[in-house]
Amino acid sequence: MRKLLPLLTLLFTCICSLLAQDTTLFNYDYYSFSYNSKTREMSITGTDREVDAKYYISIGTIPKDYTPVLIVIGNDSLTVVYYYDHKKNRALYTQTFSKVDLHPTWNVRQALAINSKKGTYYTVVTPDGSKCALAFWYRNKNKEPFKLKAAVVNGSGKKLYEYEYLSNNSHNYNTYRLPCYGLKDGTFYFRDGCNELYHLDSSGIHYYTPDKRYTIYPHTQWSLILPNCDLFTFGLGSGSQPKYKVIYHFDYNQKKFFYLEKQLDYEEKLNSSFDKMRQSNSPKQENLAIHIKNLYELSDHSYVAVFQARGRSYKEKTVTNTWKDKEGKTHTTTNTVRENVIEYWGDILIEQISPDFQFGNYYIVESYVWAKTGNYGLSTSFKDDEIIITHGLNKDNCIIRKNAEGGLDIIKIDPDAAPTPEEESEKFKTMDESPEFDD
């Protein structure tokens, strides 16, 4: 009996251990991490959003030079991706452990690496979170073409494939910004500043480019991945104060780019806003440009883009400092500093695009705010096929919705009363006088 008791105890322990390994208990739909860069402490929270249940995994202290980036979700396991940067050694590492391991051991392996400081890394997951593309967009020397080096890992930490592509891109513009997207079929898009497109799948990295290209700055464009995996980009091209509006549509099934351009009307350029921004007694202006705030797809598969004019002015002042070193020798340094810095937020441009990717109507909501402190740029929200814009000094609101004729209605919201038909079509201003500055 004395010999049987330890055996029964061991059997009971094994059964409890097997039950504890039932990963369905922790098969939650959302995982996020928190990381303290000072203490390097990291933890993961698993959330079941249906029943609002949570559980926690403690990763512990992350070694120096490693930074957590994202989590890839497997059936029974999680894979954390880390960026490693030490001198010229730059790499992406993965750590894989069971979902029920609440205190996983630090054990990483290298997934992708380069030996260059001229570039940056990217990570992007598929919509279901089960696969992740790891990439470096880099070059070894200035004026050399960039390389796209990429690998795909799954939630079990397995590297599925790895490829490298030598581009014909050697320009400095937009060097370190490569928007990337995970597709529902488990493949990935990478797009550079000139709308050159790289598609990564198990057969390699495939390159596509439209017949005609405008340089579209990041602040003037927005891209959407459509349900059929097409890529749709709308933006304003050719300079910070653009002359054209541009549509890029990549058809995923045909593997072909479609391109359309149209010259902006005078009103679309929002010149009146920029004229007001230049009417200050601060002689220097910069960043006078139209910025995109969002691009929305409506239920009828048409699209609405929202832009706003932005700018800044300032004065320059020369400051002279005199100081003595340890030996008593006098030194003088002269620096130029900015003062009287003013931020501007101007008119709002609303562009309509049809379901077959043709230019539609455009609308302008008059708005003008300047401020020395604070942010008074517009914000947008989207619900029930309506876009709500909040803007201006007094946080005015208006609703954008499709009308029966196929155009857009822009309806001002009065916080104290229901809008009248006249108010619904009325344009409004938040401030139309120029700022006064201190001399």
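The following paragraphs lead through the nonpolar cores, the aromatic pairs, the charges placed over rings and two unusual backbone positions of this structure, which is a predicted model.

A good place to begin is the interior. In soluble globular proteins, nonpolar side chains tend to be buried together. Here the largest nonpolar core has 26 residues, and those with the most contacts inside it are Phe232, Phe234, Leu295, Tyr303 and Phe307. The elements that contribute two or more residues to this core are one helix, H2 (271–277), and the strands E17 (231–237), E20 (284–297), E21 (303–324), E22 (330–353) and E23 (359–365). Separate from this is a second core, made of 17 residues, which includes Phe190, Tyr198, Leu200 and Ile205.

Aromatic rings form the next part of the picture. A pair of such rings is described by the distance of the centres and the angle of the planes. Across the whole structure, 27 aromatic pairs are found. In one of them, the ring centres of tryptophan 137 and phenylalanine 146 are 5.3 Å apart and the planes stand at 10°, so this pair counts as stacked; both tryptophan 137 and phenylalanine 146 are buried. Another pair, formed by phenylalanine 232 and phenylalanine 357, is tilted, with 5.1 Å from centre to centre and 50° between the planes. Because phenylalanine 232 belongs to strand E17 while phenylalanine 357 is in the loop between E22 and E23, this pair ties together parts that are 125 residues apart in sequence. Both phenylalanine 232 and phenylalanine 357 are buried, and Phe232 has already appeared among the residues with the most contacts inside the largest core. Elsewhere, ring pairs join Tyr189, Tyr208, Tyr248, Phe250, Tyr252, Phe257 and Tyr259 into a cluster.

Some rings also have a charged group over them. The charged end of arginine 338 is placed over the ring of tyrosine 314, at 4.0 Å from its centre, and lysine 276 lies over the face of tyrosine 368, 5.1 Å from the ring centre.

The last stop is the backbone. Arginine 40, although it is not a glycine, has a positive phi of about 65°, and it is found in the loop between strand E1 (30–35) and strand E2 (41–48). With a relative accessibility of 29%, arginine 40 counts as partly exposed. Aspartate 385, not a glycine either, has a positive phi of about 65° and lies in the loop between strand E25 (379–383) and strand E26 (386–391). Aspartate 385 is at 29% relative accessibility, and therefore counts as partly exposed.

Definitions and conventions. Residues are numbered from 1 along each chain as its sequence is written. This is a predicted model: local features need pLDDT of at least 70, side-chain atom pairs count only at pLDDT 80 or more; totals for chains, interfaces and linings use all residues. Side-chain values use heavy atoms; hydrogens and water are left out. A nonpolar core is a set of buried Ala, Val, Leu, Ile, Met, Phe, Trp, Tyr and Cys residues joined through side-chain atoms within 4.5 Å. Buried means under 20% relative accessible area, exposed over 50%, partly exposed in between (1.4 Å probe, protein chains only). Helices (H or I, at least four residues) and strands (E, at least two) are DSSP runs, numbered from the N terminus. Rings of Phe, Tyr and Trp (its six-membered ring) pair if their centres lie within 6.5 Å; planes under 30 degrees apart count as stacked, over 60 as edge-to-face and the rest as tilted. A charge sits over a ring if NZ of Lys or CZ of Arg is within 6 Å of the ring centre and within 35 degrees of the ring normal.
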